[in-house]
Amino acid sequence: MLRTIEGYWDPILWIIAFIIIAIIAYIIRSAGRREHKKGEQAKPYFSGVEIPSDEEIHVSGENIYWGFVESLKGYYSIMKKMHAGRINDYVAWFVGISAILFVAIFIMEVS
Amino acid sequence: MIYNLPFMTVIALIAIGMYAILFRRNLIKIAIGITIVESGVNLFLITLGYRKGGIAPIFTNLPPGTTPEEIPGKMVLPVPQALTLTSIVIGVAVLALILSLAIQIYRNYGTLNAEKVRRLKE
Amino acid sequence: MNLMEHLPALIIAIPLFAAFLTPIIDRFSKKGRDAFVFIFMALTLILVVLLAKDVFDSKVPITYVMGASDPHQTIPTQSAVPIRIILEIDAMSIFMVIISILISFIGLIYSFSHIKEGGGKFYTLFLLMLVGMIGMELTGDLFNLFVFLEILSISSAALIAFEIKRETSFEAAIKYIVISSIAALFVLFAVGLFYGEYNLLNIAAIANAMKFTRIDKIALILLFSAFVMKAGTAPMHMWLPDAYGEAPGAVSMVLIATTQASLYALLRVCFTLYNESLPIIMPATLILLGLASIFIGVTMALVQNDIKRLIAYAAVAEVGYIVLAIGVGLYGFLKSGEIEGYGIKALQGGIFHIFNDVLDVGLMFLVAGGVIYMTKERNMNKLGGLAHSMKYSSILFLIGLAAVAGLPPLNGFASKLMIYESIYKVSPILSIVAILASILMLSIFVKIFQSIFTGPKVIEANEVPKCMLAGMIVIAGLIIFFGLFPEMIVKNLVEPAVNALLNYGEYISAVTGV
């Protein structure tokens, strides 16, 4: 049992709870109708169009989270400018952060 | 004033080297910049090791006229020199590595311009 | 001669000796070379375990003086200050050494399957990288720290460029070595400043003499920014995705451990070298950098298409969690009162997260390395349906995914819970950002899982070789073990480490005797 500030965390307890919930879920599931057989289902309705094969509709890397990236376009264009891959920029960020810290620590000394 | 001259040289060397690293686009010039900064830091270490009137810590090679009583007060601990030697050796290794990588980049990319050597980005 | 007395020196010397012998043995036999490296690495691991036992038993930091007739006499009889190189090991350093050696060992097993050509060079550099890490973590001397930092940088830069057939790896390596050597020069300059002011190089002795003058402030900024950069926090993280993304499979994982060696150096500088005199601006900077790393890391990871680059950005975010927790811990350390208790909890969470980070992200890198090795393809758009042929890898990836996103009951959850709760007490905003980023982290890895493991078979591949699988399974086993028994790890490893950091007086008095 791992004590945190206002409580505790016990993975064993969590697993026991998980198993109990899984059993309950299984009981509820098995209470469902049994006469439904595999293969009986109609094909899913896709606006009346023939469903393309799995290979054609596989969503690959770039297109996942397209909407998220599209809505944050402004942020990502700034980020792309920042990550331009120029070696001088890498050093400039490093030296720049140290310079800011220098200024900050001496302002603290004066005030 | 004259004793501060080495320290000013240190600052000048580091500033020149940093300028080369930050604003020069050629990878070889960046390597040169790193070497200049390193020389500045090495000069700094050596300057710290200077003691006025000190003698080298070699008992068989004392300057003529040194009495045994003044040895503890005058003999200098050669730590900064040892540090500088170590850092020079390390610096050579780093420089060799940077230059060999630069050669390979020139072979593969056909350029040493940092503007163009950026296929890894975003 | 009592060998047990010389454990700290042997732990550095044995891999160093093995490193330079490996190319010679490589001339005669490839199998013999593999066995040789394995045996010496295992020997080092055993010695580390023995040393760890000593350290946890002794309560005070263990010191070892290099080159002295009596390895425990820290201050020579004719002198008033320590002049020799002293290795100093407390619970924090041994915690980091255990991480380094364990991760290198697993990385070595993983590498046996696919490093054939030029293996002699690979293992030499690999062992040198281990020497650099362990040296940084064991040493009690600032200049020695610089030397090991450079050994580490040079060997890791050469390893990043190891896959010479891929031209971009040279670019990553040159970026890494340029920025690391500048950071190392910053450290050397700070060492020079300390030597000029105190005539000392020993960390404990400088901490004892610390007057916090203007020169010390300059040295503090130089050391602080160098180590923070080497740890890979945003916005100084740009070298990290390049380096991690281009390095061969297991090296990416060990590189995480090397950045954590820099984090250890940062902790040493903040908690031991400057301790109470540290200005409050330092924890504030760490908190800001941590937040920036978490945010930039997860958002940039979301738009990557190269598997390893994506995981590397996630690694930036994970470092952000650690740095955030350390910042809050340092804040609690400097301010007394109620905040102190929360600070200690945050620090425990952060230190625990160091171990979890290297395991979780390391497992991701190993699986990604296996996928790249089998398919010769690292672009996620061209991969898909690998779960059909790589069943074990996909299951292991799922375990890593759950751990890195902080899902219960795995280890990532335990440490992140400690971090969330304690930083909430400092400012709720910190917790909110951290938790939101954790959700985004899950979505990032779901992206990899969806695009390379699920879906129809796009690309033909076989299951990864047995050695790779063995390495991955060991890490996954550790992840599950840490997840199920977090209190055991926290009580036996993390709490002594945090106490060693907070009781800086013991570290100082072990050398200076005051």
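**Exercise 1. Determine how many residue pairs are in polar contact across the interface of chain C and chain B, and describe the side that chain C contributes.**

Solution. In this predicted model, the interface of chain C and chain B holds 6 residue pairs in polar contact, with both residues at pLDDT 80 or more. The elements of chain C that each supply at least two residues to the side touching chain B are α5 (142-160), α6 (168-198), α9 (239-246) and α12 (307-334). Of that side, α6(C) provides the largest share, with 19 residues. Sorted by class, the side of chain C that touches chain B consists of 24 nonpolar, 6 polar and 7 charged residues. The contact as a whole brings 37 residues of chain C against 38 residues of chain B, and the two chains bury about 3,100 Å² between them, 80% of it on carbon and sulfur atoms. Finally, the search across this interface returns 1 salt bridge, in which the side chains of Arg119(B) and Glu167(C) meet at 2.4 Å, N to O.

**Exercise 2. Work out how much area chain C and chain A bury between them, and which residues of chain C supply most to it.**

Solution. Begin with the area, which comes to about 5,000 Å² between chain C and chain A, with 78% of it on carbon and sulfur atoms. On the side of chain C, Ile221(C), Met238(C) and Pro456(C) together supply 12% of the area buried against chain A, more than any other three residues. The contact involves 68 residues from chain C and 42 residues from chain A. Turning to charged pairs, one finds 2 salt bridges between these chains; one of them joins Arg214(C) to Glu109(A), whose closest N and O atoms are 2.7 Å apart. The polar contacts across this interface number 10 residue pairs, both residues being at pLDDT 80 or more. Helix α8 (residues 214-231) of chain C gives the most to the side that touches chain A, namely 10 residues, and by class that side has 44 nonpolar, 14 polar and 10 charged residues.

**Exercise 3. Decide whether Asp242(C) and Lys175(C), which form a salt bridge, are buried or exposed.**

Solution. The closest N and O atoms of Asp242(C) and Lys175(C) lie 3.5 Å apart. The pair links distant parts of the chain, since Asp242(C) sits in helix α9 and Lys175(C) in helix α6 of chain C, 67 residues apart. Asp242(C) has a relative accessibility of 1% and therefore counts as buried, the cut-off being under 20%. Lys175(C), at 1% relative accessibility, counts as buried too. For another pair in this chain, take Lys53(C) and Asp57(C), with closest N and O atoms 3.4 Å apart: both residues are exposed. Because Lys53(C) and Asp57(C) are 4 residues apart in helix α2 (residues 30-58) of chain C, they are separated by about one helical turn.

**Exercise 4. Identify which residues are linked with Arg25(B) in a network of salt bridges, and place Arg25(B) and Glu115(B) in chain B.**

Solution. The network joins Arg86(A), Asp89(A), Arg25(B), Glu115(B) and Arg118(B). Within it, the side chains of Glu115(B) and Arg25(B) meet in a salt bridge of 2.9 Å, N to O. Glu115(B) lies in the segment after α4 (79-109) of chain B, whereas Arg25(B) lies in the loop between α1 (5-23) and α2 (27-48), 90 residues apart. Glu115(B) is partly exposed, at 29% relative accessibility, and Arg25(B) is partly exposed with a relative accessible area of 32%.

Key:
Residues are numbered from 1 along each chain as its sequence is written. Chains are lettered from A and ligands numbered from 1 in the order in which they are written. This is a predicted model: local features need pLDDT of at least 70, side-chain atom pairs count only at pLDDT 80 or more; totals for chains, interfaces and linings use all residues. Side-chain values use heavy atoms; hydrogens and water are left out. Contact means heavy atoms within 4.5 Å. Buried area is the accessible area (1.4 Å probe) that two parts lose on being put together, summed over both. A salt bridge is a side-chain nitrogen of Lys or Arg within 4 Å of a carboxyl oxygen of Asp or Glu. A polar contact is a pair of N or O atoms within 3.5 Å; within protein, one must be able to donate a hydrogen and the other to accept it, and residues adjacent in sequence count only if both atoms are side-chain atoms. Ala, Val, Leu, Ile, Met, Phe, Trp, Tyr, Cys and Pro count as nonpolar, Asp, Glu, Lys and Arg as charged, and the others, Gly among them, as polar. Buried means under 20% relative accessible area, exposed over 50%, partly exposed in between (1.4 Å probe, protein chains only).
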